[in-house]
Amino acid sequence: LELELLDEESESDPDKVNYSTISVSDGCSAVARKIWDQTAPLFMKPYLGKTALVCSLQFGTYVSAYGMYMFFPGILDQLVDAQEVGLNQTTLCEIVYSRFDLIVNEGSQQNCNGSLAMTTYGYSFVLDFIYMLGVALIATIISYVGRLPILVFIFTCSGVAGILVTFVTVPVASMWLYMVHLLSCCAMGVINAVAVDLFPTHLRAMAVSVSLMFGQLGSVFGTNMNGLLLDSHCELSFWTSGSMMLVCTGLAFFIPRVLKRKEAVEA
């Protein structure tokens, strides 16, 4: 009886969709069409430039943040070991090279030590705590200072620290510069907010997703790049990561309406 009533209702209402007649292929085609309708406009005018800008910022940020963070505990542990043996006048890359040469020379006789010094864990917790405070501070002041000053400050500090870390001959200073370089991850939330503001409502979700996809590609690229270069070309690895942050500093000035919030507050 209920089925008969449903059939009568569907016949009486011609505009009502009968989902039982929709096949699986039609459903997949509809989903694919929906994805295409939301993705294709991002790579066409007038949104192509905005998409390229946001994706470039995410790519560079993830290269520095995640690409360099992957090797942070190991390098930090080497710096701690160098301090314990009294090496107080050497660069970070020289310590990395010395450890690599030791492994190559001893070969199979080298014992694999998978443990980290407690000091290494302490600095890792400090880095996480600073990141938490940084995100909270950004959320508090972004409405007052605007997005551009925050992005420029983060990218510039991260880029300069990434380059200086190869020149400083004090292991403790190198350690803190390395940590400052990794704080480029604080810019990720601001970049997402920029992506939301640049695109209309029906494209915002896909724009953020595409930019984050390029960010993840950056993390994969950065991790593999540093894995290849760090032991043999340590300086080049840090210079590349730091230079990307400085390039992102310049790109931040091309973000449309990046001072919108600041102007609204001043008004």
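**Exercise 1. Cysteines and burial**

Take Cys-157, at 30% relative accessibility: which class does it count as?

*Solution.*
- Start with the cut-offs: under 20% relative accessible area is buried, over 50% is exposed, and anything in between is partly exposed (1.4 Å probe, protein chains only).
- With its 30%, Cys-157 lands in the partly exposed class.
- For contrast, try Cys-55: its relative accessible area is 7%, so Cys-55 is buried.

Before going on, note that this is a predicted model, where local features need pLDDT of at least 70, side-chain atom pairs count only at pLDDT 80 or more, and totals for chains, interfaces and linings use all residues. Numbering starts from 1 along each chain as its sequence is written, and side-chain values use heavy atoms, with hydrogens and water left out.

**Exercise 2. The fold in outline**

How many helices and strands does the secondary structure come to?

*Solution.*
- Elements are DSSP runs numbered from the N terminus: helices are H or I with at least four residues, strands E with at least two.
- The tally is 12 helices and 0 strands.
- Reading from the N terminus, you just get α-α-α-α-α-α-α-α-α-α-α-α.
- As for burial, 37% of the 267 residues make the buried class.

**Exercise 3. The disulfide**

Find the disulfide: which cysteines form it, and how far apart are their sulfur atoms?

*Solution.*
- The cut-off is a pair of cysteine sulfur atoms within 2.5 Å, and 1 disulfide turns up in the structure.
- Its partners are Cys-93 and Cys-234, with the sulfurs 2.2 Å apart.
- Place them on the chain: Cys-93 sits in helix H5 (residues 92–106) and Cys-234 in helix H11, a gap of 141 residues that makes this a link between distant parts of the chain.
- Now the torsion: -70 degrees about the S-S bond makes the Cys-93 and Cys-234 link left-handed.
- Both Cys-93 and Cys-234 are buried.

**Exercise 4. The salt bridge**

Which side chains meet in a salt bridge at 3.6 Å, N to O?

*Solution.*
- You want a side-chain nitrogen of Lys or Arg within 4 Å of a carboxyl oxygen of Asp or Glu; there is 1 such bridge here.
- At 3.6 Å, N to O, the pair is Asp-197 with Arg-147.
- Asp-197 belongs to helix H9 (residues 188–198) and Arg-147 to helix H7 (residues 147–164), so parts 50 residues apart in sequence are tied together.
- Check the burial of each: Asp-197 is buried at 16% relative accessible area, and Arg-147 is buried too, at 7%.

**Exercise 5. Ring geometry**

What kinds of aromatic pair do Phe-72 and Tyr-178, and Phe-167 and Trp-239, form?

*Solution.*
- Phe, Tyr and Trp rings (for Trp, the six-membered one) pair with centres within 6.5 Å; planes under 30 degrees apart are stacked, over 60 edge-to-face, the rest tilted.
- Out of a total of 7 aromatic pairs, Phe-72 and Tyr-178 form an edge-to-face one, 5.2 Å centre to centre with 85 degrees between the planes.
- That pair joins helix H4 (residues 72–84), home of Phe-72, to helix H8 (residues 171–182), home of Tyr-178, across 106 residues.
- Both rings are buried, Phe-72 at 0% relative accessible area and Tyr-178 at 1%.
- For Phe-167 and Trp-239, the centres are 6.1 Å apart and the planes at 20 degrees, so this pair is stacked.
- Phe-167 is in the loop between H7 and H8, Trp-239 in helix H11, 72 residues apart.
- Phe-167 is exposed at 52%, while Trp-239 is partly exposed at 36%.
- Last step: follow the ring pairs, and Tyr-69, Phe-72, Tyr-178 and Phe-238 link into a cluster.
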